[in-house]
Each structure stands twice: as C-alpha cells, then as structure tokens.
Amino acid sequence: MQDVLKVAMPKGRIYKQASKLFREAGFPIPEDMDDSRKLIIPVPEAGLEFIMAKPVDVATYVEYGVADIGVVGKDVLMEENRDVYELLDLGIARCRMSVIGLPDWQPVLNPRVATKYPNVASQYFREQGQQVEVIKLNGSIELAPLIGLADRIVDMVETGQTLRENGLVEQEQIFSITSRLIANRVSYRMKNESIQSLCDKLQQKMASAGKA
Ligand code: PRP
C-alpha cells in the first residue's frame, strides 16, 4: 500500500486548473471541492490529502515538510528561493512577470518601483545596472503609478485586462511563469514511489495533451 501524499494546493483560481489537471491525470478529485472553503480535503481514493494554502505560502508548507509536495507558481519560487525540489512544470496558470508603467513614463534618477516581488524586482534592476527604490505592496499593485506612489511596478500579467482597464503598459518582460510541482527533500526520499508515480501520471497526461 502506498503512502498518503500531503499536497499543498493553491487556493483560488489556480486550484481550479490544478484540480482539473490532477483529475485528467486519473486522480478522482471531487469537483464540488472547487468552490469549497474547506482547508483540508482528504482524497483517499487517490491516496492524497490536499492542504488548501494561500498560493504564496505553498512552498513554505513544503519546505517545512507539513506537505510532501505542492503546486506553486514560478513567481513564488523565484521570489523566495525555498529549499525544495522542483519536479515538474505543470504548464498551467501561464502568465509573465513584467515591468509596467504609464504610457508617458520617463526615466528618472532612483525611480521608485512598487511590487509584491521585492527580491525579483531588486535582482532584475541590479542586473540592468539601474538603481531603484523598491516598495513592497501586497496587492492592487497597479494603483501605485496611478496615484504617484511609484514610477513603475513589477507584477504579473496574465490576460492584460488589469493593465488595459487602468491605462498602463507592459514595458519589459522579465520571465514567463507557470505552476510547478515541488517536493519536500525528505519526503522525496521517504515517499519516492508515491511521488514518482504521481509525477509519471501528470507527465503522461501533459504529453498526451501536447500531442492532441
Ligand atoms: C494579479 C496581478 C495583476 C493581475 C494580472 O493580481 O498582480 O494585478 O492579476 O492579471 P490580468 O493580466 O489577467 O489582468 P491578483 O488578481 O492576484 O490580485 P492582487 O491585485 O490582489 O495582487
């Protein structure tokens, strides 16, 4: 009998895509859980237990071993540099990290850059040889250039709707983002058979979707 795998899943819009992928890979994840507020969801038929985490916290649960594996955006992995194994690119929740500003933006000395991703932003501008002041915000980042808090922002762009509706433009793309399957280092050794079998099923599903 295989071990039950504890899976840290991102709550919200990524969960729907992730649960669909797991379902299509053959794991019987109940669909009525997609809108549930339950935080621990046992899926005994699949040998899984979902821990419903805020997306930004998924890698923390996995690093500390309270979840064996997790589904997390590349944006979070780039920002946090967690001590976890990155096993698979799941190809879902596709978007990009970009530098954004008002259309009439003009370069200034020591511009202020607002972002949820201070490490990503600092590293990017350092590599560009530009000195900036990074201001950490927790959401609605697009407000910052509109109300004069920052000259530019570094944020995720998915459909571009938020930018269009707020009269902002994408100026530079930093990297593309998809969700990744990550594993705790100890779990990966101790529960290797279960984790490997789950990876194989997800990979088979993604390969067949790619061919279709
Ligand atoms: C994210 C991101 C952008 C928006 C991009 O915000 O920070 O604001 O989505 O998506 P779009 O290109 O499809 O418009 P989120 O919805 O997570 O909310 P937040 O403002 O609280 O960060």
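**The ligand and its surroundings**

A polar backbone atom of Glu 158 lies 2.8 Å from an oxygen atom of the ligand, a polar contact being a pair of N or O atoms within 3.5 Å. The protein covers 74% of the ligand's own 500 Å² of accessible area, as given by the Shrake-Rupley method with a 1.4 Å probe. This is a predicted model, in which local features need pLDDT of at least 70 and side-chain atom pairs count only at pLDDT 80 or more, while totals for chains, interfaces and linings use all residues. Residues are numbered from 1 along each chain as its sequence is written, and side-chain values use heavy atoms, with hydrogens and water left out.

Side chains also take part in the contacts. In Glu 142, a polar side-chain atom is 2.6 Å from an oxygen atom of the ligand. For Arg 13, an N or O atom of the side chain lies 3.0 Å from a ligand oxygen.

Which residues come nearest to the ligand? Of the 13 around it (those with a heavy atom within 4 Å), they are Lys 116, Glu 142, Thr 159, Gly 160 and Thr 162. The shell comprises 2 nonpolar, 6 polar and 5 charged residues, with Asp, Glu, Lys and Arg counted as charged and Gly among the polar ones. Strand 9 (152–157) and helix 6 (161–165) each supply at least two shell residues; strand 9 gives the most, with 3. Helices (H or I, at least four residues) and strands (E, at least two) are DSSP runs, numbered from the N terminus.

Terms used: Polar contact = N/O pair within 3.5 Å; in protein donor to acceptor, adjacent residues only side chain to side chain.
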